[in-house]
Amino acid sequence: MPTLLAIESSCDETAVSIVRGETGRATEVLASEVSSQIELHRVHGGVVPELASRNHSLRLRPLVEQALEHAELKVSDLDAFAATIGPGLASSLLIGSTAAKAMACATGKPFIAINHLEGHLLSPFVGETRVPPHLALIISGGHTLLLNVEGPGRYEKLGGTRDDAAGEAYDKVGKMLGLPYPGGPEIEKTAHEGDPTAFAFPRSMLHDPHDDFSFSGLKTAVLYTLQDLGDPAEVLMDRKKVADLSASFQQAVIEILVGKTLRAARRGGHRLVALSGGVSLNQTLRKAFEAAGSRHGVRIAFAPPALCTDNAAMIAFAGLLRHLSGEVSRLDGDIDPNLRLA
Ligand code: KG4
Ligand code: ZN
């Protein structure tokens, strides 16, 4: 059965995965190694591109060896190599894609270029036998995208963010509230002790007729509220206030995402909505989607937690589907930091 190794290095995670599968069968993940750089970037409050690429090049080779060891395979056992070629940080994308191309060259096997967003989009289906038609919502640190999916490779964009991505809003608000980077999981934790109705933050574009999103007004509303509450240094010492701000912010994000996605699902006659990307790890958001889905007879599919944040198994899965359909990418193809999905 075809076996493929994939590399993901678009941002601050270096990841290598090996998968095996064939058409009509659930793909087997033989190895999925992730080396996170979160600790390295935390002191800077965000990702520093130069640091990220240097660390990708340091960590990649041991990670490839580790993946091969876990899968109990040799490089010569592999049938194809895939890598993320965009969107992402140029210097980071170059490390992973060059390494995958080098392995393809050395072994004479095909190279397959993968769009990071396609990896996220397909991640809820890694353990399934096929990718059925559905509505996909990708909510990550860099993207908020709503797409009509007819099948692998057949994507139609319905809407996206006009400013900040959902995860980016979480991270920026987390920073404002004095929480560690990345803000998403920290806000989720803090929000558990807060009142989601304490502050009436805007639900931007919720009732607009289009499928686009906007989160920067919400972020600014949190900032102004914080300033109105008094000396920010003092307000941030007040655990209850920070929890209320976190919970109210999170409630607004969830209502916007659930409201707009379920409306698009009903309009398009979708019975399945698949969520992916780091923000889809959020348990409060998952519960809100499930509740709204069951009210409207729509099934909500999520990626397994390990496949929500950046990983190479989702890239390997996307690569395997393309390999099985006979696709090969050029070795002289470039990376594209602004690559679009649809
Ligand atoms: O998909 P991902 O790893 O990276 C991108 O491709 O962008 O997503 C990372 C994003 C960050 O913004 C992070 O704050 C957010 O996902 N995130 C969360 C949670 N866990 C991670 N946001 C909300 N709640 C969470 N539990
Ligand atoms: Zn991602």
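**Figure 1. Two histidines share helix H4 in this predicted model.** His-116 and His-120 both sit in helix H4, which spans residues 116-122. Four residues separate the two, about one turn of the helix. Both histidines are buried. Each is also a donor to the zinc ion (ligand 2), through its NE2 atom.

**Figure 2. Three residues of the protein hold donor atoms for the zinc ion (ligand 2).** The protein donors are His-116 (NE2), His-120 (NE2) and Asp-310 (OD). They lie 2.0 to 2.1 Å from the zinc ion. Along the sequence, the donor residues follow the spacing H-x3-H-x189-D. Four donor atoms surround the ion in total. The angles they subtend run from 94 to 132 degrees, so the arrangement is tetrahedral. For four donors, that label requires all angles to lie between 85 and 135 degrees.

**Figure 3. Ligand 1 is surrounded by 20 residues.** The closest are Gly-141, Asp-171, Glu-188, Asn-282 and Asp-310. Asp-310 is also among the protein donors of the zinc ion (ligand 2). Backbone contacts to ligand 1 come from several glycines. A polar backbone atom of Gly-141 is 2.8 Å from an oxygen atom of ligand 1. For Gly-167, a polar backbone atom is 3.1 Å from an oxygen atom of the ligand. The distance from a polar backbone atom of Gly-278 to a ligand 1 oxygen is 3.1 Å. On its own, ligand 1 has 560 Å² of accessible area, and the protein covers 89% of it.

**Figure 4. Asn-311 occupies a loop and contacts the backbone.** The loop runs between strand E10 (299-302) and helix H11 (313-324). Asn-311 is buried there, with a relative accessible area of 0%. Its side chain reaches the backbone oxygen of Leu-307 at 3.2 Å. The Asn-311 side chain also reaches the backbone nitrogen of Ala-313, at 3.0 Å.

**Figure 5. Cys-11 and Cys-308 are in no disulfide.** A disulfide is a covalent bond between the sulfur atoms of two cysteines. Searching the whole structure turns up zero disulfides. For Cys-11, the nearest cysteine sulfur is that of Cys-308, 16 Å away. For Cys-308, the nearest is in turn that of Cys-11. A disulfide would need the two sulfur atoms within 2.5 Å. Cys-11 is partly exposed, with a relative accessible area of 24%. Cys-308 is buried, at 0%.

Note on methods
Residues are numbered from 1 along each chain as its sequence is written. Chains are lettered from A and ligands numbered from 1 in the order in which they are written. This is a predicted model: local features need pLDDT of at least 70, side-chain atom pairs count only at pLDDT 80 or more; totals for chains, interfaces and linings use all residues. Side-chain values use heavy atoms; hydrogens and water are left out. Donors are N, O and S atoms within 2.8 Å of the metal (3.2 Å for Na, K and Ca); water is not among the atoms, so sites may look incomplete. Four donors count as tetrahedral if all angles lie between 85 and 135 degrees; four count as square planar and six as octahedral if opposite donors are over 155 degrees apart and all others between 65 and 115; anything else is irregular. Buried means under 20% relative accessible area, exposed over 50%, partly exposed in between (1.4 Å probe, protein chains only). A residue is near a molecule or strand if one of its heavy atoms lies within 4 Å of it. A polar contact is a pair of N or O atoms within 3.5 Å; within protein, one must be able to donate a hydrogen and the other to accept it, and residues adjacent in sequence count only if both atoms are side-chain atoms. Accessible areas come from the Shrake-Rupley method with a 1.4 Å probe; for residues, only the protein chains shown count as cover.
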